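Biologist: Hello! Could you help me learn to read charged side chains in a protein model?

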Amino acid sequence: MRMETVKSDRQRPEWVPEGVAEGFTTHVMDGIEGGHDGLPGMPPPSRVPARIIKRRQLSLDEYISGVLSGDRTILSRAITLVESNAPAHMADAQQMVQELLPYTGRSIRVGITGVPGAGKSTLIEALGNFLCDHGHKTAVLAVDPSSTLTRGSILGDKTRMEKLSSRADAFIRPSPSGGVLGGVARKSRETMLVCEAAGYDVILVETVGVGQSEVTVRSMVDFFLLVLIAGAGDELQGIKKGIMELCDTVLINKADGDNRLRAQAARMEFVRILHYLQPATEGWNTQALACSSTTGEGIPQLWEVIQDFVTCTRSSGMFQQRRTLQSMEWVGSMVEEYLRTSFYNHPSIKKALPGIKRGVMSGQYSPTKAADLLVREYENGQKAMTENEP
Ligand code: GDP
């Protein structure tokens, strides 16, 4: 296995997200058969050879037993199923996720954000390798709502994760191209569950921090990490308002060479600033750390802090409380997504919308009047459809 630039369809791995460009680079999963690590309650490894699995459609049972046995070829295909927008696939994906649910939730979910160039992927390579060296199975996912435009930039061209991506105990998956953040978020949440069912006990979720994506990633992880670099003078440069209140640890990366002292000074400055801010997690004081992702210095300390966080929040009940809350928010956001889609795809709305839009632009309708007209159109359309039903 290796990182590979996809130049033609012949080389294209079958699970590349829809609509990505030719230059899309990713981790080509040739597949490791089996990989079952003896987790209690897990069924035996899949017996279907990878060659065959690649070619034909899999049954739901094959998806489920393959994922539970840690078969990476099937795991990749299961994620492709979750990412598909085809209605037939969505029903299968839902059933699969439902059946995998009892095997999920046993990981530590870590979100990682920071400006481009802060060193997120280098950090993930360092932390991921450290975790694998210490017996963990690490999955790396990305949430990048801009990926349709930037063509899967994060985790897409990351030859720097070469070592991690070639490890049997690591799994790297680029962002799904879902268009809107809601779509990307749903797919990533389900991908996270599928990875947990496959035995990955640490899930690292990287985001670029475009628009609301940090808030979205915060809503799917236990621990949220903000990666920064010591800037020239203004340490707060490039930090979006409010992001500090979302994170559980600020990590000053690149604390090496000439930059080491500056990074340490920045860390102290953050310790001071954090003192005045509301912590993201009740009962946990947001930490400020420094590390070097290239030398590995500070990586064990970062993992220690993450473990302390888990111990502290588990004993206070916050860990489970947050997960329950996140699940309920997830339900709410999916209902909203469903309603929005069904509203705008309704034939009556499709017909009425252009005229109402023109009315708003010409000043004929106020926005409130326009919204009211649309909702009535929708309700009348629904009523007509029900009446026409046999
Ligand atoms: P990302 O855009 O946040 O994913 O950042 P990258 O991981 O791609 O890193 C951006 C650049 O910073 C690359 O040239 C890395 O080699 C470099 N870099 C990342 N971490 C460190 C570090 O700890 N020390 C030094 N000196 N350079 C680093």
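Biologist: Let me start with one residue: is R218 buried or exposed?

Modeller: R218 counts as buried, at 9% relative accessibility. Buried means under 20% relative accessible area, exposed means over 50%, and partly exposed lies in between (1.4 Å probe, protein chains only). Before we go on, this is a predicted model, where local features need pLDDT of at least 70, side-chain atom pairs count only at pLDDT 80 or more, and totals for chains, interfaces and linings use all residues. Residues are numbered from 1 along each chain as its sequence is written, and side-chain values use heavy atoms, leaving out hydrogens and water.

Biologist: Which side chain meets R218 in a salt bridge?

Modeller: In general, side chains of opposite charge can pair when their charged atoms come close. A salt bridge is a side-chain nitrogen of Lys or Arg within 4 Å of a carboxyl oxygen of Asp or Glu. Here the partner of R218 is D248, at 2.9 Å from N to O. This pair links distant parts of the chain, 30 residues apart: R218 is in helix 9 and D248 in the loop between strand 7 and strand 8. Helices (H or I, at least four residues) and strands (E, at least two) are DSSP runs, numbered from the N terminus. D248 is buried, at 0% relative accessibility.

Biologist: How many residues apart are R272 and E269 in helix 10?

Modeller: They are 3 residues apart, so about one helical turn separates R272 from E269. Their salt bridge has its closest N and O atoms 3.0 Å apart. R272 is partly exposed at 46%, and E269 is partly exposed at 30%.

Biologist: How many salt bridges does a search of the whole structure find?

Modeller: The search finds 10.
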